[in-house]
Amino acid sequence: MQKTFVKYAAVIITSAILLILLINFLFRLRWLEAQQLNTFLTKTEQVIHTMENNSQELAELNKSLDTDYLTRAKAAAYVMDHQKEVSLNVKEMQYLAKLLNVDELHVIDEKGFIVSGSVSKYIGIDMDDHKQTREFLSLLESDDKDAYLIQDPQPNAAENKIMKYVGVVRKGQKGIVQVGFEPVRQMEAQSRNTYEYIFSKFPTDAGEELFAVDCRSGKILGHSDGLDKTFTGGYYQLEELAECTEGAYVEGENGRVMYVAARRYGDVMICGTVPRKQIFRRLWNDVLVAFLYLLIIEIAVLFLLNYLVKRKVVNGIHSIIGSLDAITEGNLDTTVGVGGNPEFEKLSHGINAMVKSIVSLSDRISSIIEVSGIPLAAFEYETGVGHVFATSGLKTLLHIPEGRAEELYRDPGAFDDFIHKITEAPVEGEEDIYALEEEKYVRIHMKRSAGGNLGVVTDVSGHMIQKLQMRYENTHDPLTGLYKFPHFRELASEILKELPEDGICAAVMMDLDSFKTINDTYGHDAGDRYLKEFAEILSSMPEEHFVTARRSGDEFCMMIHRCESVLEIRGYLDQFYQILSGHEVSLSDTQKRQISVSAGFACAKGTDQSITILLNHADEALYEVKRETKGRYTEYTEYHN
């Protein structure tokens, strides 16, 4: 057995190692490709972020300079229009240009000719002769006194020199004042906003290339190695790059295969490449390291298994098999005793406990059923035995689903928690009787001991429903569903006994106004409806503060408790009367009436007052209200100080 076990273990472990290596190879390859793709995408994002930052910086620079240049042009126009002594000779214009810190300053007359300026050779130029200068003639045709034109940097008409011109209309006479600037800062900012410049500053790993391709022309706009090299490889071609957005292998120059990742940004494809052999070199290094580790682990595991199987398993199994053979043959007095390790000792103890339980289980269950004399269920679970023994009717009586029952029977701890949860809340006033759900009651007798737990379950639903119905009828008024007055007195007495020293409660006696007239005029059905709707309003008051009852006929009472002051009690009464004021009862098809009730209340502090005295005081206050005016409430102390 030992050699066979180790042999098969070696085959299984070796197969598992090969499978692990294959899975690791495929997974690692995908992981390295994904890592490389993520690296390229991250770098691409950095390139895009740099381009956008540079573009934003250039836009902000242009905006700032445009504002500055326009201000200078307007200042020049102001000087021309308001300083009559300013001559228009070249030296004077050069001096004014220097004061305004501009490179060129020109004055254009209403015919579109440069009549004066800081550059003498530009004087006499017809602005209509060139596209660059012609744009400013629109200012002569404008009716806007504040019209101006700001040109982007471009070659000028006279010397093809890159310049930026700003023109404004003159206010003193028809004409244009134009200033010019050499856009050095803007050209420098534009030079930094090229892919060639960004890639020249961008760090790359060994063998890695970064480049950008114009999607319209296919031209390489920038490369991490510069633009001097040739770009004949397949991975520089747009049709190949379009298939590389999720990463792909593309054949390059001299048969070299490259892993390429491309991302489109506007009309530009930003790409990253690395040789495939570089990825596979990392892959084989990882696989080789994993193989060496797994080989060492396999050798160690096989050696350890050989020792454990021989010393810790085989001997114990043979001993247990011998004992089980004896038990199978009917020798239930056999005791299994295998030492050597805790697992075998625990197994031996479990087998012995199970055999002992099996021997006595049948007799115990039979005795329980015979003693009960009624349909019942029984269960038993012992300490250290991993199973619950139960009669078939248990899951029906306790409403346990079939699958859930099997789980509980396999786990005595969970079963004990289940029984404990049922038995922790017995039916009020009953012993060992528990409500499982509406109109479902069981009696559970439990016998607990150090060795185990025995329980008997009987269905007492019919008995309890009858008993609870009788209890309800004894304590509740059949018409309104409120408490009957005797039961109310008992509850009110308990409230008085348990009243805290700093607490306050109040008994309220109520009498419906003109109820006899309603009965006589609309009939007893309308009167009953009037009583029931009034009772519904009473029942709607907060249960934690109100106990309500029907005293007799049209007389009702309340106990308001768990309050801290008379003001709080009055607040609840005001709330009650406010609800009444918004409620009307239909007495007939055409007649409705708002419920009117008179009430008197008496307060009690502490526990030194009896319920009889308290109710009498409330009655006296009620009679006082009935004598004076109806439809309101008053406090006993208002008339008996």
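**Two pockets and helix H16**

Author: Val427, Glu428, Tyr441, Leu468, Arg471, Tyr472, Thr475, His476, Tyr483, His487 and Leu491 line the second largest pocket. Helix H13 (461-475) and H14 each give two or more residues to this lining, and H13 supplies the largest share, four residues. The model is predicted: local features need pLDDT of at least 70 and side-chain atom pairs 80 or more, while totals for chains, interfaces and linings use all residues. Residues are numbered from 1 along each chain as its sequence is written, and side-chain values use heavy atoms, without hydrogens and water.

Reader: What makes a residue part of the lining of the largest pocket?

Author: A lining residue has an atom within 4 Å of a point of the pocket, an open set on a 1 Å grid where a 1.4 Å probe fits, with protein on both sides within 12 Å along at least five of seven lines. The largest pocket has 20 such residues, and Ile495, Glu543, Phe546, Val547 and His561 lie nearest its centre. Helix H14 (485-497), H16, strand S19 (546-552) and strand S20 (555-563) each supply at least two residues of the lining.

Reader: What volumes do the two pockets have?

Author: The largest pocket holds about 550 Å³, and the second largest about 380 Å³.

Reader: Why are Tyr530 and Phe534 in H16 called buried?

Author: Buried means under 20% relative accessible area (1.4 Å probe, protein chains only). Tyr530 and Phe534 are among the buried residues of H16, which also include Ala526, Gly527 and Leu538, so each of them is under that 20% limit.

Reader: How do you know that the length of H16 is close to the expected one?

Author: The expected span is 1.5 Å times one less than the number of residues. H16 (residues 524-539) has 16 residues and reaches 22 Å from its first C-alpha to its last, against 22 Å expected.

Technical notes. Buried < 20%, exposed > 50% of the residue type's maximum accessible area, 1.4 Å probe, protein only. Points joined across faces, edges and corners; volume = space filled by probe spheres on them.
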